[in-house]
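Colleague: I should like a close look at one part of this model, with every term explained for a first-year student. Please describe that part together with its surroundings in one connected account.

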Amino acid sequence: MAIVRFSGVNKSFRSTSVVSDLNLELPDGSFTVLVGPSGCGKSTSLRMLAGLESVTSGTITIGDRDVTNLQPRDRDVAMVFQNYALYPHLSVRENIAFPLRASKEPRANALKRADEVAESLGLAKLLDRKPKALSGGQQQRVAIGRAIIREPSVFLFDEPLSNLDAKLRVETRTELLQIQRRLGITCLYVTHDQEEAMTLSDRMVVMRDGRAAQVGTPIEVFNSPVDTFVAAFVGSPKMNLIAGELSGETCTLPSGFALTVGRVKASGAVTLGVRPDDLVPTVADDADAMVKLVELLGPRAIVTVDARGTDLTCVVEAARLSGITEGTRVALSARPGAVHVFDAKTGQRFVGTDRENYNTDGNESRS
Amino acid sequence: MKNSRTLTIFRVALLWAAGISVLFPVVWIALASVKTPEQLNDPFLFSFAPTLDGWRNVLSSGILAAAGRSAIVAVTTVGISVVVGSMGAYAIARYRAGGTATRFGMLAAQVLPPAVLVFPFLTMAYALRLNDTLVPVIFAHLSFVLPVVTWFLIGFFEAVPRSLEEQAQVDGFTRFQAFRLVVLPQVFPGMGAAAIFGFTLSWNDLFYGLILAPGKAAILPVAIAGFNTFRGVQIGSMSAAILIAVVPVVVASFFIQRRLVQGISGGAVKF
C-alpha cells in the first residue's frame, strides 16, 4: 500500500514521443483507471510503472522510494496481463505460489499460502490443473491469485477483462472491485473501454496522444469534460457535438436547423455538446428534423434524428417512445442546463458553463 | 467410385514402392552381415545357412570402443550445443541479435564444403598436440551441430509469449531466472528434438573424424570405413558394423519426427 507518483514522465521510442509530461498521483488504496483510445500511451505508462519499459525522463515513486531505474523485481508490484501470462508448465497451485519462490519462501509455506488464496477465489477444486485445462474466467482468477499472494504495494492491470465474454466481464469487474476494496492496495488499471473505466475507478485518467487529457472522478469527467475529445470519449452512446452559432436560448446549425438549449452563459460560434440522454425529441408535424432510426434496448431506445443533414442521437425512455417511429417529424430541445459549450476552434471547455447540478470547475480537475 | 479405387490402389502401390526402396538397402545389409564372403557374390541369394563370422570379426575389431568414442563425441557436442545454442537462439528470437545476417548466416558452415574447414582444424590440432584425440573432432562437430541446433531452436523461442517472462520479472525474478524457470521449460520439447537431431548429425559424420582422428581415437564411421582394406572391402563385417551404427539413429528419428518438422519449418518460415 503506497502512494504512486509520476512526475514529468516522458517516454519516446527513438524520435517518437509516446508519453509526454505525465504527472499523476495515485492516492494510497485508490483505484485509478487509465483510459483512452489505442496508441494513447496508457499501456506504456503502466509498463513504465512495472519497470518493463524504461523512462526517458522524469521520475516515478512508489511510497517514498524512487523506482524510476529499478528492475521490475525490486519494485514490489504485481501485474495481471491481458493474456493472463500463466506459466503453462505449472499447475494452478504452483502458478499462484510462483512469486513466493522469488522471495525464497519455504516451499511448503508457499504452497499452503497458494491454497488459501485459491480458496478465497473459488479455485480450490482446480489446484492441480494446468492452465490450458481452465476456462478464460478461471485463468483470469489464477492470474489475480498470483498477483495478490505477495501482497504487493501496487496492483497493475493491463486490460485484464478484454479476453472475457461480455457477461463474464461484468461479473469479474464486480469481483475485482471487491478484492481491491478488501485488500486496500493501490491499483492502476488500463483499459480502452470507457464503461469499464467509469464503473471501476475512484479516479479516471483519460489519455490522448501520450498526455493526460483529464484526471478526475468518473462523475467529474462525465459531467465536466475538459474538451471535445474527452466529451466524445466518455459516455455511451457518444455525446452529440454540434458546431453552431449560439444566441439566446437557441443554437443555430450551419444548415439553419435551430436547437433549443435553454439559458447558456455563452454566445457566438461554439461547439455544443449534448449527451443523448439530455436531447429530447417531441413529435411535431411542422418540425424540420426527422427520425431516421430507432434502436430499442429494452427500457430505453436510441433514436437517431436527421436534423437537416446532421445526425443527432437521443436516448429516450421506452415509455415515452409513443408516436416516435422511423419517419416521424420531431422537434429537438436540450434539457435546460445540460449542455456543454466548447470553443469552436480549440475544442476546450468554456469555463462557467457547467451543468448547474454538478458545479465543478473543469480547469481544476485537469492536471 | 471406380475412380477412387484406382486412386487408392495407386497410392498403396506408391507407398510400397517408396517403402521398398528405403528398406531394401537395410535388408540387404542385414542379410550381408550373416553371409559368408562366397555367398555375398550372389545378391539374389535369400535362403542360406547364416554365419556369425562377420559379427564375430566386427566385435573383436574394437568396433564397440569406436562406438563408445562416437557416443562421447556426439554427447559432448550436443551438450555444448544445446546449452550455448538455446541462449543464442533466445537472443536471436527476442532481440534480433545480430540481425538477419546472423540468423541466416550462421548456417554458412553448412554451405562450405567440410574440406575448407578441416585443414585449419588439423593444423591447430597439430600445434596443440591434440591430433588423433577426440578434442578436435568435438570442436569440428560443434562447427556444424551448434549452428543447426541454434537455428532449430529459434522458432521454438519465438513461440513463447513475451508477457510470460515479463510476468516472471514482475513476480520478482531476474531476467536470467525468468529465462531459466519460465522460458526454457516451454521449449524443452524443442530442445529434446534439437539434441537428438544434433546427435545424429555428429554420430553420422565421417569426414572430420577421418582426418582429425584416423588412428587410435577413431570414431565409429571411421572404424567402419576401416573395413575397406588393401585386400578389398570386407562386406560382411562392414555390414554388421553399419547395423550397429544405424540402430541409434533409427530409434532417435522415431522419437523426434514430429518435432523435427516443427523445428525445421518454424525456423524457416518465420523471418
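Modeller: Chain B contains 13 helices and two strands; here helices (H or I, at least four residues) and strands (E, at least two) are DSSP runs, numbered from the N terminus. The model is a predicted one, in which local features need pLDDT of at least 70 and side-chain atom pairs count only at pLDDT 80 or more, while totals for chains, interfaces and linings use all residues. Residues are numbered from 1 along each chain as its sequence is written, and chains are lettered from A and ligands numbered from 1 in the order in which they are written.

The C-alpha atoms of chain B occupy a box of roughly 75 × 70 × 30 Å along the principal axes. Of its 271 residues, 37% are buried; a residue is buried if 20 or more other C-beta atoms lie within 10 Å of its own, exposed if 12 or fewer, and partly exposed in between, with C-beta atoms placed from the backbone. Among contacts in chain B with a separation of 6 or more, 75% join residues 24 or more positions apart. Two residues are in contact if their C-beta atoms, placed from the backbone, lie within 7 Å.

Chain A has eight helices and 20 strands, and its C-alpha trace spans about 80 × 45 × 35 Å along the principal axes. Buried residues account for 43% of the 367 residues of chain A. The domain assignment divides chain A into domain 1 (4-223) and domain 2 (240-343), the bounds coming from an automatic or database domain assignment. The C-alpha centres of these two domains of chain A lie 40 Å apart.

The part chosen for the close look is a sheet of chain A. This open sheet has six strands in the order β6-β7-β8-β3-β9-β10 (chain A), with mixed pairing; two strands pair if DSSP finds at least two bridges between them. β6 (77-80) and β10 (211-216) of chain A are at the edges with a single partner strand each, so one side of each has no neighbour in the sheet. On average, neighbouring strands of this sheet are turned by 20° against each other, direction ignored. Axes are lines fitted to C-alpha atoms, for helices over the stretch in contact, and angles run from 0 to 180 degrees between N-to-C directions. Within the sheet, β3 (residues 31-35) and β8 (residues 186-191) of chain A run parallel and are joined by five bridges. In this pair, A:Leu34 stands opposite A:Val190. Helix α4 (residues 136-148) of chain A lies across β6 and β7 (154-158) of chain A, at about 175° to β6(A).

Turning to the partner chain, 17 residues of chain A are in contact with 14 residues of chain B. On the side of chain A that touches chain B, β6 and α2 (92-102) of chain A each supply at least two residues. That side of chain A comprises 13 nonpolar residues, three polar and one charged, where Ala, Val, Leu, Ile, Met, Phe, Trp, Tyr, Cys and Pro count as nonpolar, Asp, Glu, Lys and Arg as charged, and the others, Gly among them, as polar.

The largest nonpolar core has 163 residues, of which A:Leu156, A:Leu188, A:Val206, B:Leu153 and B:Ala241 touch the most other members. Such a core is a set of buried Ala, Val, Leu, Ile, Met, Phe, Trp, Tyr and Cys residues joined through C-beta atoms within 7 Å. Helix α8 (residues 134-158) of chain B gives the most to this core, with 15 residues. Both domain 1 (4-223) and domain 2 (240-343) of chain A contribute residues, so the core lies between them. Leaving aside neighbours within four places in sequence, A:Val206 is in contact with residues including A:Val35, A:Ala213, A:Val221 and A:Phe233.

A further sheet completes the account. It is open, with four strands of chain A in the order β2-β1-β4-β5 and antiparallel pairing. β2 (16-26) and β5 (65-66) of chain A are its edges, each with a single partner strand, so one side of each is left without a neighbour in the sheet. Five bridges join the antiparallel strands β1 (residues 4-13) and β4 (residues 57-62) of chain A; A:Asn10 stands opposite A:Ser57, and A:Phe6 opposite A:Ile60. β4(A) and β5(A) form a hairpin with two residues between them, and A:Gly63 in the turn has a positive phi of about 60°.
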